[in-house]
Amino acid sequence: MSKPTVASNYAGKAAGFYISAALKEATSLDHLTVLQNIKFKENIQKISGSGLVKNAGCNFVDQGTLALTESILTPKNLQINMQTCKDQLLSSWEAETMRAGAMNNNAPQFEDYVISYFTQHISDAVESSIWSGAATTDGQFEGFLTATTGAFAVNGNVVQTDNTGGVGAAYTVGNIIGNLQTIAAAIPSTVYGKEDVRIYMNWKTYRLYISALSGLTGYPYQNMNDNYIPMFEGIKLSVVYGMPDDELVAAQTSNLFFGTDLVSDTTQVKMLDMSPLDGSENLRFVAKFTGGVQVGIGAEVVQQN
């Protein structure tokens, strides 16, 4: 099989297609509100009202109050600049093509295969930054849980609950249910029971929860079919890869935001085959994208660590 040449240059919406596909692999985004077309910054406004409904009368009388909470989400510019030998990817691409079958038109083109290879690194980096990223670290944006500088810490109004074993204590099969009860009890009554309230945890924590349940009852194992929805005391669980160990967060998905830009000309995906230029078998890959997170109303979020 002859070696393919590559010359791809995508910008704006065309690049956004590939970046969007990469971001969808970050599982946390399935449980957040995603704002896709932020050029520079976005003002996130949440309004709560009280005393708005009164007895009817003939005259207009201003009544009730509206409280406006505003947060600013400023995505950070990020990029991948990577050079690799084409031969490193060719063998695995050829294997993929052969597995698809000679008559299978769904076999991936080489450039699509290369893009998918690199964009997987984008999704992994975004998943990690969403929760624990630090803007001062190269290649990361500020996350929700980052100490002192994260979105929760800067907001200052996020409700804090104690780990039953003390701050920083590890979750175990023996204490995970108690910790879940503690964070569930701390959810403000203004949002408790809302359809999009979630308790966020990573897969290690979720495994401890399932193990704890197995010691109590056959449920939910006997009900773990394709329709099973992870829950705790009626609250849906959002199990994501990027959450750190021994931490829980309770919030509405509509109150936690991820922002990016998928249509601007600054969003780019490029591949440059160096063989016509310097005779090498090197392939250069460039991806430019943005990412950032923000919380709407901090007082309606609960954090446990």
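Val-301 counts as buried, at 0% relative accessibility, where buried means under 20% relative accessible area, exposed over 50% and partly exposed in between (1.4 Å probe, protein chains only). The residue is placed in the loop between β13 (282–295) and β14 (302–304); here helices (H or I, at least four residues) and strands (E, at least two) are DSSP runs, numbered from the N terminus. Not counting residues up to four places away in sequence, Val-301 touches Phe-152, Val-158, Val-159, Val-249, Ala-250, Ala-251, Asn-255, Leu-256 and Val-295, contact meaning heavy atoms within 4.5 Å. Val-301 and Val-197 are separated by 104 residues in sequence, while their C-alpha atoms are 9.7 Å apart in space.

The model is predicted: local features need pLDDT of at least 70, side-chain atom pairs count only at pLDDT 80 or more, and totals for chains, interfaces and linings use all residues. Residues are numbered from 1 along each chain as its sequence is written, and side-chain values use heavy atoms, with hydrogens and water left out.

**The chain as a whole**

The protein chain contains 7 helices and 14 strands. Of its 305 residues, 45% count as buried. Among contacts with a separation of 6 or more, 76% are accounted for by residues 24 or more positions apart.

**Helices α5 and α6**

Two packed helices are described by the angle between their axes and the distance between the axes. For helix α5 (residues 176–186) and helix α6 (residues 203–214), the angle is about 110° and the axes are 9 Å apart. Axes are lines fitted to C-alpha atoms, for helices over the stretch in contact, and angles run from 0 to 180 degrees between N-to-C directions. The two helices α5 and α6 are therefore roughly perpendicular to each other, given that angles under 35 degrees count as roughly parallel, over 145 as roughly antiparallel, 65 to 115 as roughly perpendicular and the rest as oblique. On the α5 side the contact is made by Ile-176, Ile-177 and Leu-180, and on the α6 side by Thr-205, Leu-208, Tyr-209, Ala-212 and Leu-213. By class, this contact has 7 nonpolar, 1 polar and no charged residues; Ala, Val, Leu, Ile, Met, Phe, Trp, Tyr, Cys and Pro count as nonpolar, Asp, Glu, Lys and Arg as charged, and the others, Gly among them, as polar.

Helix α6 has 12 residues and reaches 16 Å from its first C-alpha to its last, close to the 16 Å expected at 1.5 Å a residue. The expected span is 1.5 Å times one less than the number of residues. Buried in α6 are Thr-205, Tyr-206, Leu-208, Tyr-209, Ile-210, Ala-212 and Leu-213. The buried residues of α6 pack against α5 and also against β7 (197–201), β8 (231–232), β9 (235–239) and β10 (248–252). At the start of α6, a side-chain oxygen of Asn-202 comes to within 3.2 Å of the backbone nitrogen of Lys-204. A polar contact is a pair of N or O atoms within 3.5 Å; within protein, one must be able to donate a hydrogen and the other to accept it, and residues adjacent in sequence count only if both atoms are side-chain atoms.

**Residues in strands**

The following table lists the accessibility of three strand residues.

| Residue | Strand | Relative accessible area |
|---|---|---|
| Ser-71 | β4 (residues 65–73) | 9%, buried |
| Thr-84 | β5 (residues 76–85) | 11%, buried |
| Thr-33 | β2 (residues 33–35) | 24%, partly exposed |

The side chain of Ser-71 reaches the backbone oxygen of Val-295 at 3.0 Å. Beyond four places in sequence, Ser-71 touches Glu-42, Asn-43, Ile-44, Gln-294, Val-295 and Gly-296. With neighbours within four places set aside, Thr-84 is in contact with Leu-89, Phe-118, Glu-281, Asn-282 and Leu-283.

For Thr-33, a polar atom of the side chain lies 2.8 Å from the backbone oxygen of Thr-253. Thr-253 is also one of the residues in contact with Thr-33, together with Ser-254, Leu-256, Phe-257 and Phe-258, leaving aside neighbours within four places in sequence. Thr-33 and Leu-256 are 223 residues apart in sequence and 6.1 Å apart in space, C-alpha to C-alpha.

**Positive phi in loops**

Thr-148 has a phi near 65°, a positive value in a residue other than glycine. Thr-148 lies in the loop between α3 (110–132) and α4 (151–155) and, at 69% relative accessibility, counts as exposed. Glu-233, likewise not a glycine, has a positive phi of about 50°. Glu-233 is located in the loop between β8 and β9 and counts as partly exposed, at 49% relative accessibility.
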